[in-house]
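Trainee: Please put the model up. I would like to go through the sheet and what packs on it.

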Amino acid sequence: MRRAPRLHALLSRALAFGGLPPPPLPRAQLQGITEPGAASRLGAAFLARALATTGLPAPRRPRALQVQRITEPGAASRFGAAFLARGGFSTDASAAAQDSAKPATATGGEGGDGKSGKSEQGDAGKSVRGGPVSWLSFLLLLVTGGGIIVYYDKEKKRHIEELKNRTSAVKQEPSVGTAAIGGPFNLLNHDGKPVTQKDFFGKWTLLYFGFTHCPDICPDELQKMALAIDKIKEKAKMEVVPVFITVDPERDTVEQVRDYVNEFHPNLIGLTGTTDEIRKVARAYRVYYMKTEEEGSDYLVDHSIVMYLMNPKMEFVKFYGKNYDADSLADGIIKELKGHQ
């Protein structure tokens, strides 16, 4: 009902501009105008009347396609706006004519079959459901990522196990050469008898360099050596000769060395000699030693803390540091003894 009064007002204004009286609009006609296409037909009749009054030729009958377009909702408003613009009316009238089509469009959307509204709602729903991320794709992403992580962790563990197996499976290859450790020497044992390296041929020998005035390290190492010797005999039924060589020849006489070695093991052999002889044997076995904190006759000797395992030919086999305890030292020596049988 709102479209007819607006169109009647616009047409009355157009006729008034041409000096014509406004057309009458009965109540019954207002109800007919609200029918689809009625506004277009009414507008065409008014325009024909206006043109006939002013002496202008009547408009040609439009083609079937144009007639069909004129009967579409809102066509009369567009046609009237074009006519007013052609007649030189202000743009306000054209804007009012175009605004009159908006309620008709809304009415048609509400009173029609609802296809337009449903289409818009469907498009909106489709855009939401068809977005770049959905719950299904997000779930697939999580499953895929979790699978990749589990697979990578499994492969990493398998690779580590392979490396461990390869390391443990590596066989002991015969060495190309032996370390330049050891050599001839001429010393005195704790009984005062001359001893050379040849006196130890045919026996496995474990050598340790120290001094009798050592406060703690040397006693600990010699005690560990004595325990390892007994464990080797008990476990492998093999004999290893323990030997102590002093690096303090100035104070470690034959008697001093004898009393010292007897405190640790009955089979422990103590060796001493002159300063030059001790320097020579220490150099042959790559042993470091030096006097420290000298105050008269009371001093300490800083030296290497290493045990040397020598084969029956008095050739170097392996050395053992302070980090070995009695059990690991015995097991390590037994392994070397069995490996060289």
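Mentor: The sheet comes up here, then its ends, then the helices.
This is a predicted model, where local features need pLDDT of at least 70, side-chain atom pairs count only at pLDDT 80 or more, and totals for chains, interfaces and linings use all residues. Residues are numbered from 1 along each chain as its sequence is written, and side-chain values use heavy atoms, with hydrogens and water left out.

Trainee: In what order do the strands of the open sheet run?
Mentor: Strands (E, at least two residues) and helices (H or I, at least four) are DSSP runs, numbered from the N terminus. Two strands pair if DSSP finds at least two bridges between them. The sheet has 7 strands with mixed pairing, in the order 2-1-5-4-3-8-9.

Trainee: Which are the edge strands?
Mentor: Look for strands that pair on one side only. These are strand 2 (194-196) and strand 9 (316-320).

Trainee: Which residue is the bridge partner of Leu 188 in strand 5?
Mentor: Strand 1 (186-189) and strand 5 (269-272) run antiparallel, joined by 2 bridges. Leu 188 pairs there with Thr 272.

Trainee: Which residue takes a positive phi in the hairpin of strand 8 and strand 9?
Mentor: These strands are antiparallel, with 4 bridges. The hairpin has 5 residues between the strands. The one with phi near 60° is Met 314.

Trainee: At what angle does helix 9 run to strand 3?
Mentor: Axes are lines fitted to C-alpha atoms, for helices over the stretch in contact (heavy atoms within 4.5 Å). Angles run from 0 to 180 degrees between N-to-C directions. Helix 9 (217-236) lies across strands 3, 4 and 8, and its angle to strand 3 is about 170°.
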